[in-house]
Amino acid sequence: MTTVAAYAAPAAKAPLERTTIERREVGEHDVLIDIKFAGICHSDIHQVREGWGEAIFPMVPGHEIAGVVSEVGPGVTKYAVGDRVGVGCMVDSCRECDNCRAGREQYCTGGMVGTYNALDKNGEPTYGGYAQTIVVDENYVVRIPDGLALDVAAPLLCAGITTYSPLKRWGAGPGKKVAILGMGGLGHMGVKIAHALGAEVTVLSQSLRKKDDGLKLGADHYHATADQKTFEDLRGTFDLIVSTVSAPLDLGAYLSLLKTEGTLANVGAPEEPVSLNLFSVIGGGKTLAGSMIGGIAETQEMLDFCATHGIGAEIELIGAAEINEAYERVLNSDVRYRFVIDTATI
Ligand SMILES: [Zn+2]
Ligand SMILES: [Zn+2]
């Protein structure tokens, strides 16, 4: 075991503080990654506060990890010392179920191992990216192309793949009208990626406060959902809506904005159940769908796509001492558009 510095929440809802954790020795197929940057995802806050259920403490959050390989195990074939790499929301899975075999490791029926707040195959808790290093099996590591700076690449590992995967799956592209619901960390990536895929992109956000940014990032249209007129004007407009909102939504109102046989894909996860009158999907043959991150191969595909199109996240770089303040700002939607921790400050 190797002792490394990290930022952890000692208990549910407690502020994060500097501490040390143990990383396992580099095994046969492991790579040791010197973490350079770690994004702050809204789900870090959900988990630190046990909004999604009982969690494991101390918790070192962070599943938007960008760094450089500093050691490889003897059996590693994909990576070498000095390679620029990333780690997202999972660090292992069963590798045998239908989903793992199909490259959908995020839906592993044997249980994928989360990058933090999970137990690995040896029953040891996993610790995430708010730390100096991490040891990960090479099969759960992705390569960050040279054209992408590591700081703006870090958020792609969750926010990027979470929006890329449903946009691809439901055919965002030329001739398609796509709405991105929510203009936060996930939403701003959705706008950039949907635009790069060639779709006509509309942002649906609570207010018009971030309209200039949205248009600059690639949106063609921008509407406020607080304005009832938006729902009248845009009725029956979209082929696909990707909802990044993690607050309870009036799903029926958004389903009414879809064309016949359109899809509302949810990637945001509200803490409370939502209710729905099913006539809003039956009428028009609509699909209410969900999507969770993406598989490892698809995450690599997304990074390559982003490098080709010059897409990184819009970030505010912070020192580790500012994490707790950053959490408050995320909760107040006061971030443009992703906080990234410079892990040299841990
Ligand atoms: Zn995330
Ligand atoms: Zn599996």
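This passage describes the domains, salt bridges and backbone features of a predicted model.

The protein is divided into two parts: domain 1 covers residues 2–158 together with 294–345, and domain 2 covers residues 160–290. The centres of domain 1 and domain 2, taken over C-alpha atoms, are 27 Å apart. To the contact between them, domain 1 contributes 23 residues and domain 2 contributes 23 residues. About 2100 Å² is buried between domain 1 and domain 2, and carbon and sulfur atoms give 55% of this area. Within domain 1, the residues that lose the most area to domain 2 are Phe305, Arg336 and Tyr337, which together make up 28% of what that side buries.

Polar and charged pairs also occur across this interface. Between domain 1 and domain 2, 13 residue pairs are in polar contact. The side of domain 1 that touches domain 2 draws at least two residues from each of helix 1 and helix 10, the latter spanning residues 296–308. Helix 10 gives the most to that side of domain 1, with five residues. Three salt bridges are found across the interface of domain 1 and domain 2. Elsewhere in the description of charged pairs, Glu301 and Lys168 are joined through their side chains by a salt bridge with an N to O distance of 3.9 Å.

In the whole structure, 16 salt bridges are found. Side chains of opposite charge can pair when their charged atoms come close. Lys229 and Asp233 form one salt bridge, with their closest N and O atoms 2.9 Å apart. These two residues are separated by about one helical turn, because Lys229 and Asp233 are four residues apart in helix 7, which comprises residues 228–233. Lys229 is partly exposed, at 46% relative accessibility, and Asp233 is also partly exposed, with a relative accessible area of 46%.

A further salt bridge joins the side chains of Lys259 and Asp239, at 3.4 Å from N to O. Lys259 is in strand 14 and Asp239 is in strand 13 (residues 238–243), so this pair ties together parts that are 20 residues apart in sequence. Lys259 is partly exposed at 30% relative accessibility, and Asp239 is partly exposed at 21%.

Arg329 pairs with Glu316 in a salt bridge whose closest N and O atoms are 3.1 Å apart. Arg329 belongs to helix 11 and Glu316 to strand 16 (residues 315–318), so the pair ties together parts that are 13 residues apart in sequence. Arg329 has 22% relative accessibility and counts as partly exposed; Glu316, at 25%, also counts as partly exposed. In addition, Asp92, Arg95, Lys121 and Asp137 are joined into one network by salt bridges that share partners.

Asp44 presents another case among the charged residues. Asp44 is located in helix 1, which spans residues 42–48. Asp44 is buried but has no salt bridge, and the nearest side chain of opposite charge, that of Arg338, is 7.2 Å away. That distance lies beyond the limit for a salt bridge because the charged atoms must be within 4 Å. The side chain of Asp44 instead has a polar contact of 2.6 Å with the side chain of Tyr116. Leaving aside residues up to four places away in sequence, Asp44 touches Gly39, Pro61, Gly62, His63, Tyr116, Tyr130 and Tyr327.

Several backbone features remain to be described. Most residues other than glycine have a negative phi, and most peptide bonds are trans. The peptide bond from Phe57 to Pro58 is cis, with omega near 0°, and Pro58 lies in the loop between helix 1 and strand 4 (65–72). The peptide bond between Arg336 and Tyr337 is also cis, with omega about -5°. Tyr337 is placed in the loop between helix 11 (323–331) and strand 17 (338–342). Both Arg336 and Tyr337 are among the residues of domain 1 that lose the most area to domain 2.

Positive phi values are found at two residues that are not glycine, Asn117 and Glu261. Asn117 has a phi of about 55° and lies in the loop between strand 7 (113–114) and strand 8 (133–137). Glu261 has a phi of about 60° and lies in strand 14, which comprises residues 258–266. Glu261 is exposed, with a relative accessible area of 63%.

Definitions and conventions:
Residues numbered from 1 in each chain as written. Chains lettered and ligands numbered in written order. Predicted model: local features only at pLDDT ≥ 70, side-chain atom pairs only at ≥ 80, totals over all residues. Heavy atoms only, no water. Buried < 20%, exposed > 50% of the residue type's maximum accessible area, 1.4 Å probe, protein only. Lys, Arg positive; Asp, Glu negative; His and termini not counted. Polar contact = N/O pair within 3.5 Å; in protein donor to acceptor, adjacent residues only side chain to side chain. Contact = heavy atoms within 4.5 Å. Domains from an automatic or database assignment. Buried area = accessible area lost by both parts, 1.4 Å probe.
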